[in-house]
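Work through these exercises with the sequence and the 3D view side by side. Try each task before reading its solution.

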2 protein chains.
Amino acid sequence: MKVTIDDVAELAQVSIKTVSRVVNQEPNVRPVTRDKVLAAIAQLNYRPNSSARSLAGNRSYVLGLLYGNPSANYVIDVQVGVLTTCRQHGYDLLIHPCNYSDPDITIEIIELIHQKRIDGVILTPPLTDHLPVLDALKALDLPFVRVAPTLNKNISPYVETNDGEAAYQMTARLIASGHTDIGFICGHPDHRAVTHRYEGYRSALQDHGIPLNPHWIKQGLNSFESGEKCARELLQNARRPTAIFAANDEMAAAVMMVAHQYGIKIPAELSVAGFDDTSVAHQLWPALTTVRQPVQQMAEKAAELLLGQLKRKDGQAVGHVLNSTLIMRDSVGPAAR
Amino acid sequence: MKVTIDDVAELAQVSIKTVSRVVNQEPNVRPVTRDKVLAAIAQLNYRPNSSARSLAGNRSYVLGLLYGNPSANYVIDVQVGVLTTCRQHGYDLLIHPCNYSDPDITIEIIELIHQKRIDGVILTPPLTDHLPVLDALKALDLPFVRVAPTLNKNISPYVETNDGEAAYQMTARLIASGHTDIGFICGHPDHRAVTHRYEGYRSALQDHGIPLNPHWIKQGLNSFESGEKCARELLQNARRPTAIFAANDEMAAAVMMVAHQYGIKIPAELSVAGFDDTSVAHQLWPALTTVRQPVQQMAEKAAELLLGQLKRKDGQAVGHVLNSTLIMRDSVGPAAR
DNA sequence: TTGAAAGCGCTAACAA
DNA sequence: TTGTTAGCGCTTTCAA
């Protein structure tokens, strides 16, 4: 049942070191020898024992995924992406949901890394910009890659999407549909990446010569409840925007709910756009126009960057950008006037 | 930086075996000795190297979590629950999302278990009732626990919730509100646990002397789209139910959307109830009345059962039941007449 | 109740 | 290009 490196070496008529070389894709093995070994491995269905590997090699072949994001869909997408890369490269993944507002978060993470001998970690927002954690990782000299960081981009490799541009494009679409009175509900200030979205909105208005109306810009907190509050403030007056762009889908859902309550028809009287394309987006009525981030691909890429860093021992802070897509559904229509 | 068992043994003036005994909570250590060792461990901040442990002990201290459930919220809740228990007991968790309709799923799982030397696995629906996988696990003699199984409950320990009763209670509430024309949208037949819900609905009607109207019972597939189709069938005729109970929230969301399209007011003209209390439930308008399963607690309990099984080497098929809760929101009202 | 010694299966350093 | 040897840090006999 349990096949070891010795069995393979014996069958292939080589030393265990040679088997080890083949398994680890090290150079300096004659193709003939390599083939012999590979054949033996296949015949015996040999799988290296990862505990023995880790112990001897002082590496765990385990990556850590740290996240404090409350969105289940986002987290699942990230997990799937990272796992895809991990599986391809024979690495395991340890997931570690954490509470980013916990003051002991840094200690917790250091402990985790020590105890599990994690080879490298991937950080997702909002942990991505958590300075104490970043400092601790630097101090440990542990390779890490960040997904969608906004701070100190030069300290680590990272992956991001063109949030700002996408928000710009969405705003431009609204303008193209005749809207000039466009409200915006900002995202949680702790989730810095989300602030790009506001910037995109702002510059689109500016580029189209539409003045910013501060009354129509509200500070949300990403939650449905916060969106509801902002929506009421935006919609309770007779003079109200003809379109509202929310920095995430949950808040956009809240806008739609408040509009329904006020008897405001969507999209006839109010256009609504969200951001994230969460599962709720197409379960709303009318279906929500929104922006989709390539979360899974970003996570895959992040893991690739991390593994590359582990192999080459470099820590160049390369950044990769993957594009978001506008998803036009039914909640946006021409401006009524 | 790296403290080993030898360091602890030296400081505590005992042999490494004694340290090992203390760490593993084995019997036959004098309290005095134990305290000495514990003090040394604390002083040095010693953490056993899990690779060495696994290698020597031929156990990985890793549990596997297998899931094929498409609902991100469900999966995240399960993960959090299982992780909670794992952390308490010093175990790690390997997550393994899989496609339950993949014909090679069984081989994939066997490979995974072999390769990672997983000590035991937790299965969630619909993998819970996947006979080939269950047989394979039995053949491997690998301890496993199932969450919400419906088939062959005697072959493994399991955790479940009182779905059927909850559905009964919800139906009874609808009846108490004056509804007698209650439609039901069934869940996906592959997700067997969901069929309990239909049973609950049926017996509630029966117990209250309301005849079953087969035209008002539709087979859904858990998806929003399937719910939409069923909802149209239920709502397009003038003679239509005054309440619809859907076997999950996504389909209930679809019912609400269709009702909105038809201009049917909720809850004035139609009451809607769902099941699962997913995040969409309170983002709908009006907020959806639904049933909440204690998913996280079920997962915690499942992991506890699994760890118990690992310790005691028994495989008694004990079952644990945790109760679901009715969440009454705004989508249910008195029957209009 | 405690300890000594022999591995677990692999990688790393060095030799050949 | 290949092999030999010595551990990695722990658990498991078995003995004391």
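**Exercise 1. The fold of chain A**

Task: Which share of the contacts in chain A with a separation of 6 or more joins residues 24 or more positions apart?

Solution. The share is 72%, counting contacts in chain A with a separation of 6 or more. Keep in mind that this is a predicted model. Next, list the elements: chain A has 12 helices and 12 strands. Then take the dimensions. Along its principal axes, the C-alpha trace of chain A spans about 85 × 40 × 35 Å. Last, check burial. Of the 337 residues in chain A, 49% are buried.

**Exercise 2. How the two copies are related**

Task: Find the rotation that superposes chain A on chain B.

Solution. Start from the general idea. Two copies of a chain are related by a rotation about an axis and a shift along it. Here the rotation is 180° and the shift along the axis is 0.1 Å. The superposition has an RMSD of 0.1 Å. This is therefore the relation of a two-fold axis. Now look for the C-alpha of chain A nearest the axis. It belongs to Ser51(A), 2.2 Å away from the axis. Finally, compare the contact surfaces. The same surface serves both copies, as 94% of the contact residues of chain A recur in chain B.

**Exercise 3. The contact between the chains**

Task: How many residues does each chain bring to the contact?

Solution. Chain A gives 32 residues and chain B gives 30 residues. Now sort the side of chain A by element. Helix H4 (50-57), helix H5 (72-88), strand E2 (92-97), helix H6 (105-116) and helix H11 (249-261) of chain A each supply at least two residues. The largest share, six residues, comes from H5(A). Then sort by class. The side of chain A that touches chain B holds 14 nonpolar, 13 polar and five charged residues.

**Exercise 4. Two helices that cross**

Task: Are helices H2(B) and H3(B) roughly parallel or roughly perpendicular to each other?

Solution. First, locate them: H2 covers residues 16-23 of chain B, and H3 covers residues 31-44. They pack at an angle of about 90°, with their axes 10 Å apart. Angles of 65 to 115 degrees count as roughly perpendicular. So H2(B) and H3(B) are roughly perpendicular. Next, find the residues that touch. H2(B) uses Thr18(B), Val19(B) and Val22(B), while H3(B) uses Thr33(B), Arg34(B), Val37(B) and Leu38(B). By class, this contact has four nonpolar, two polar and one charged residues.

**Exercise 5. The length of a helix**

Task: Check whether the end-to-end distance of helix H9(A) agrees with its number of residues.

Solution. H9 of chain A runs over residues 195-207, which makes 13 residues. At 1.5 Å a residue, the expected span is 18 Å. The end C-alpha atoms of H9(A) are 19 Å apart, so the two values agree. Now ask which residues of H9(A) are buried. They are His196(A), Arg197(A), Tyr198(A), Gly200(A), Tyr201(A), Ala204(A) and Leu205(A). Their cover includes helix H8 (163-176), strand E6 (182-186) and strand E8 (243-246) of chain A. Just after H9(A), Gly209(A) has a positive phi of about 70°.

**Exercise 6. Unusual backbone angles**

Task: Locate two cis peptide bonds, one in each chain.

Solution. Recall the general rule. Most residues other than glycine have a negative phi, and most peptide bonds are trans. In chain A, the bond from Pro125(A) to Pro126(A) is cis, with omega near 0°. Pro126(A) sits in the loop between strand E3 (120-123) and helix H7 (131-140) of chain A. In chain B, a cis bond joins Ile266(B) and Pro267(B), with omega about 5°. Pro267(B) is in the loop between helix H11 (249-262) and strand E9 (271-273) of chain B.

Task: Is Asn45(B) buried or exposed?

Solution. Start with its backbone. Asn45(B) is not a glycine, yet its phi is positive, about 55°. Asn45(B) lies in the loop between H3 and helix H4 (50-57) of chain B. Then count neighbours. Asn45(B) has 9 other C-beta atoms within 10 Å, so it is exposed. The cut-off for an exposed residue is 12 or fewer.

Key: Residues numbered from 1 in each chain as written. Chains lettered and ligands numbered in written order. Predicted model: local features only at pLDDT ≥ 70, side-chain atom pairs only at ≥ 80, totals over all residues. Axes fitted to C-alpha atoms, helices over the stretch in contact; angles between N-to-C directions. Helix = DSSP H or I, 4+ residues; strand = E, 2+ residues; numbered from the N terminus. Parallel < 35°, antiparallel > 145°, perpendicular 65-115°, else oblique. Contact = placed C-beta atoms within 7 Å. Nonpolar A, V, L, I, M, F, W, Y, C, P; charged D, E, K, R; others polar. Least-squares fit on C-alpha atoms with pLDDT ≥ 70 in both. Expected span 1.5 Å × (residues − 1). Buried ≥ 20, exposed ≤ 12 C-beta atoms within 10 Å, placed from the backbone.
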